Amino acid sequence: MEAIVSLAKRRGFVFQSSEIYGGYNGFFDFGPLGIELKKNIRDCWWDDMVRRRDDVVGIETSIIMHPKVWEASGHVGGFTDPLVDCKVSKQRFRADQLFFAAVVVDDTTHGYVSALESEDTTADLQAAAEKVKRKQALQGTLAPVIAQEFTEATPEQIPLIPSPATGEPGSLTPPRDFNMMFDTNVGALRDGSSKSYLRPETAQGMFVDFKNVVDTGRVKLPFGIAQIGKSFRNEITPRNFIFRSREFEQMEMEYFIHEDADWETAHKDWIQWCWDWLVSIGLPESHLSLFDHEKAKLAFYSRGTTDIMFKYPFGVQELWGIAARGNYDLTQHANASGKPQEIFDEETKKKFVPHVIEPAVGVDRIFLAVLAAAYAEEEVTDDKGKTDIRTVLRLSPRIAPVKVAVLPLLKKKEELTTRAKALYKKLQRRYACFYDETGAIGRRYRRQDEIGTPWCVTIDFETIEGEGDTFTLRERDSMAQRRVTEQELLALLDEQVY
Ligand code: GAP
């Protein structure tokens, strides 16, 4: 993870927000390469989800919506995380990410230990329990710890559980609900009547505009409405770089189906679609898995939610949630606004409220996943037998920020630079390219490897002196080189960058 964060900063992918003021926790900036990568992720999703499908249309709704939207959706009342305060350190924790365990020696409890969720929380708690045993010079056998979420702690246990900030018990408060919506005021008055919210998800835009799309868009069930845009959540503990931040970008789609349709098949089909799409942008299947949420823990209206999980460097975590939400959202908005959100069934001649399948994913989480999966350090040996470590980002050509680098072999040879610039200008019309004429060719290749450029094209003496106007094409992953014509290069790019 450290290597990825360091590369992201060094090569201009991701910066801390407001870094010169010490940064701002939970907010990030995307640099010149980062924004290209992010745009490519968004564009691939939009092309595959909207443009290349006949049953999905796109919209863009405002970030600040009528506050009644968030009352009807349930966010004002229930978009909360359980918050725990440490009264001594003033730090705050999410109770469902804070774990504790009893220190049990020969069947007797000798206090508690705590740890924040990690890749192996139980191991952390076990190590802490062993430390307590040593410190208190307890004789006997320490039982294996049983990790429990702080949300499960009894009122008697809470004062005995040490704060992860101080290591001492007595300072943690019982969990309380903390609403994660950022609020603001709209208009000149700053009172309760002007209170509004930054959206915590893009999804409600699709529900609120459902009728507008139906009435204007010539859509017929089943159909989807998709949107890409910023969402804001006042996360208690933003962490793991851009994985959980306070301002992030979502790509969501609401797929409306008939109330009598086989929702389970539709749900499964969308899980498969999302999985295949992640593979199409280069995520290895070995890093992906599915997690079905327990029915008992779902909201009452939810029929089923499956997450596509990704093996991040800090553990397996949710990447994409695919939820079957029944007709809850449209019904809520119909009731709250007094405007029916129904569709007329030509067959039965009856009106009904469609049900929905919702695949919802964060652009930033995909960004981090592709960086983590693509990052490699490998030992390479040059033609003089010298070994070296090569850092390479094996990004799919679909999303690589630079598709091709054009490199004249020598900067001072005008014939080479003229031909190289002509090729560069031509490629630049369709692809993000990079022109680099400084430094040894091997070093130039390495610079491109590190930012994930799939191909380098070198304009060399054979280009200008040989027959057929060919270039050396060097592939990032295999480092293999071959000669290609301009036509062959364009055909390769056309096939691989889509
Ligand atoms: N409309 C449903 C919804 O918003 P969610 O599981 O809360 O569901 C969907 O969010 C996706 O948005 C997540 O799977 C994740 O990829 C992304 N996401 C959620 N919270 C995030 C955060 N704080 N930082 C970055 N991405 C986040």
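Here a biologist and a modeller talk through a surface patch and a ligand site in a predicted model.

Biologist: Before we start, what do the values rest on?

Modeller: Local features need pLDDT of at least 70 and side-chain atom pairs 80 or more, while totals for chains, interfaces and linings use all residues. Residues are numbered from 1 along each chain, and side-chain values use heavy atoms, without hydrogens and water.

Biologist: Why is Val186 called partly exposed?

Modeller: Happy to explain! Buried means under 20% relative accessible area and exposed over 50%, with partly exposed in between (1.4 Å probe, protein chains only). Val186 has 47% relative accessibility, so it counts as partly exposed. Val186 sits in the loop between strand S10 (183–185) and strand S11 (195–197); strands are DSSP runs of E with at least two residues, numbered from the N terminus.

Biologist: Which residues surround the ligand most closely?

Modeller: Of the 18 residues around the ligand, the closest are Glu201, Arg233, Ser245, Glu252 and Glu318. A residue is near a molecule if one of its heavy atoms lies within 4 Å of it.

Biologist: What makes Gln250 a polar contact of the ligand?

Modeller: A polar contact is a pair of N or O atoms within 3.5 Å. A polar side-chain atom of Gln250 lies 3.1 Å from a ligand oxygen atom, so the pair meets that cut-off. For Leu319, a polar backbone atom is 2.8 Å from an oxygen atom of the ligand.

Biologist: Which strand gives the largest share of the shell around the ligand?

Modeller: That is S19, with four residues; S19 spans 355–362.

Technical notes:
Polar contact = N/O pair within 3.5 Å; in protein donor to acceptor, adjacent residues only side chain to side chain.
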